[in-house]
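Here's a quick briefing to read alongside the model. Have the viewer open and follow along.

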Amino acid sequence: MTLRTRFAPSPTGFLHIGGARTALFCHLHTRHYGGTTILRVEDTDIERTKQEAVEAILEGMRWLGLEPDEGPYYQSANSQKHLDIADQLLIAEQAYRCYCSKEVLDQMRDEQRASGLKPRYDGRCSKLKSAPSPDAPFVIRFRRPKVGEVIWQDKIQGEVRVRNDELDDLILVRSDGTPTYNLAVVVDDHNMGINLVIRGEDHLSNTPRQIQLFEALAWDVPDYAHMPLLHGEDGAKLSKRHGAVSVLSFREEGFLASAVNNYLVRLGWSHGDQEIFTTKEMEELFDICEVGRSAAIFNSDKLLWINSHHIMDAQPEDLVDELIYQLKLINIEDVDKKRLIEIIPEFQERSKTMVEMAQKVSFLFVDELPEYEPSAAKKHMKIAAIDPLSELTKRLESCPEWDIDSIEKVFKSVLDAYEIKMVKLAQPVRVALTATATSPGIYETVFMLGRLKTISRLQAGVIFLEEKAAATE
RNA sequence: GUCCCGUUCGUCUAGAGGUUAGGACACUGGCCUUUCACGCCGGUAACAGGAGUUCAAUUCUCCUACGGGACGCCA
């Protein structure tokens with residue numbers, strides 16, 4: 001039997017990091033076993049459904065490379081099928097009409113809570129022979145088994161048992177005639193041939209009810225795997241309030257999709273001492289059965305570290321589009337892609353994010369360098385550097401070739417002529433060329449910048465120093 | 001409140017009835033060095049508490065504490 005899994009988000013907002021993790025685990029486990037992934041939008045609550053949300057979820061999945069093999073299907077498109085099943089249950093007396101108003105139910109729950117009971121429907125309408133009045137509004141409730149228990153072998157949680165008397169008769173069809181989530185899921189999972197349900201642990205308590213429904217309908221019960229939740233830094237379930245931002249904001253912040261996936265897969269799952277995984281490795285190695293049962297806390301430091309490794313390990317060709325994207329955000333446009341690919345290797349092990357990389361390469365593309373960073377200027381732009389710097393400028397200007405070796409020779413010759421150490425020359429040059437105290441190797445920096453910009457920035461550096469010297473006299 | 005689940009360094013995790021309780025992030029000392037990084041070597045740091053089973057428990061059982069989830073005509 002081939003594996004069929006589904007990711008079933010409700011379209012009420014963007015795809016956040018917790019949802020992404022569920023989608024990822026679904027995707028990886030299914031790939032590992034050569035199955036089929038299905039995306040099904042759980043939009044049975046029309047009120048709360050937003051079309052933009054569906055788009056946002058899709059976009060998030062696309063970015064992470066988690067596109068489903070089938071779908072998106074919309075649960076609302078199957079309403080009639082859901083209702084037919086409800087009718088079938090009604091006829092078989094496995095369901096009944098309940099006429100209790102919301103007020104009555106609220107009051108009942110309040111009373112139960114007050115006397116220390118678990119709030120749940122007491123089944124008062126289950127024995128009703130007829131409607132209290134001909135046009136009384138009603139919901140359809142499932143007549144659940146009262147004795148015994150539901151037991152299933154959860155792929156993550158192990159054996160789970162729930163006594164039937166802990167449960168109540170859940171609503172299958174609302175008073176407005178629309179099917180509820182619990183009915184829809186069971187019918188759709190069955191119709192779509194889903195044989196493994198991977199979802200968050202917050203659904204654990206729905207599972208026994210759904211199993212009861214499967215059994216009442218004499219359908220095969222799928223396997224279940226309930227993932228421990230991902231918590232925010234404060235230890236509570238992720239929500240809009242604590243950092244459950246759209247996964248797409250990670251792209252904005254310069255994270256690679258593969259790094260985000262890598263980070264998420266290590267929350268609850270491990271493979272020996274390995275920390276860095278390519279997407280391919282994850283697909284080969286991951287198994288939902290190996291996932292642990294305790295919740296993890298989101299930690300951005302580790303994500304950052306993993307991202308830096310994915311940047312280092314990437315091919316420049318695979319980074320260039322993200323770099324262009326980030327450069328645009330800081331108003332650097334129309335850069336030559338080929339040139340970018342050539343310079344990227346110099347920045348890969350210096351950038352933890354693509355945002356950082358964009359900042360670090362920006363000195364190569366701007367016409368006007370910003371003011372020198374005060375601390376860099378103070379530390380390295382010393383008056384003593386005037387002569388070596390202007391001499392270097394001259395020699396670079398007349399250097400016959402423009403390659404790393406020739407540039408190095410010019411530097412060495414200036415060093416010899418003035419009997420100074422490399423730092424004394426390299427750092428002032430770096431500040432003059434980049435306005436900062438950090439950059440790739442100085443020969444590489446000079447080479448990448450090109451002769452024209454190098455010479456003019458060095459000249460500007462000399463002038464800066466001369467003015468400083470004049471001012472201190 | 002009721003039901004369910006969880007608890008190994010600050011964080012993510014490995015681990016087995018007997019281990020110097022391993023790795024990673026973060027922090028930190030050093031090396032490398034033209035800067036920043038990368039890399040390398042080292043350091044600090046954990047089995048929530050209490051009973052029981054056992055020659056032996058952090059590992060098995062129970063209780064407590066703490067944390068989380070669920071208790072909707074939401075999904």
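A contact here means heavy atoms within 4.5 Å. On that basis, 76% of the contacts in chain A with a separation of 6 or more link residues 24 or more positions apart. Keep in mind that this is a predicted model.

**Overall build**
- Chain A carries 20 helices and twelve strands.
- Its radius of gyration comes out at 32 Å, while a compact globule of 473 residues would sit near 23 Å.
- Along the principal axes, the C-alpha atoms of chain A take up a box of roughly 105 × 45 × 40 Å.

**Surface and burial**
- Of the 473 residues in chain A, 49% are buried.
- About 23,500 Å² of chain A is exposed, with carbon and sulfur atoms supplying 50% of that area.

**The second largest pocket**
- This pocket has a volume of about 430 Å³.
- Its lining counts 20 residues, and Cys100, Lys102, Leu105, Val139 and Ile171 lie nearest the centre.
- By type, the lining splits into ten nonpolar, eight charged and two polar residues.
- Both α4 (102-114) and β5 (139-142) supply at least two lining residues each, and α4 gives the most, with four.

**Helix α6**
- Helix α6 spans residues 207-216, and eight of its ten residues are buried, so the rest of the structure largely encloses it.
- The buried ones are Thr207, Pro208, Arg209, Gln210, Ile211, Gln212, Leu213 and Phe214.
- Just after α6, alanine 218 adopts a positive phi of about 60°.

Key. Residues numbered from 1 in each chain as written. Chains lettered and ligands numbered in written order. Predicted model: local features only at pLDDT ≥ 70, side-chain atom pairs only at ≥ 80, totals over all residues. Heavy atoms only, no water. 1 Å grid on protein atoms, 1.4 Å probe; cavity = no way out; pocket = protein on both sides within 12 Å on 5 of 7 lines; lining within 4 Å. Points joined across faces, edges and corners; volume = space filled by probe spheres on them. Nonpolar A, V, L, I, M, F, W, Y, C, P; charged D, E, K, R; others polar. Buried < 20%, exposed > 50% of the residue type's maximum accessible area, 1.4 Å probe, protein only. Rg over C-alpha atoms; globule rule 2.2 N^0.38 Å. Areas by Shrake-Rupley, 256 points an atom, 1.4 Å probe, with all protein chains shown as cover.
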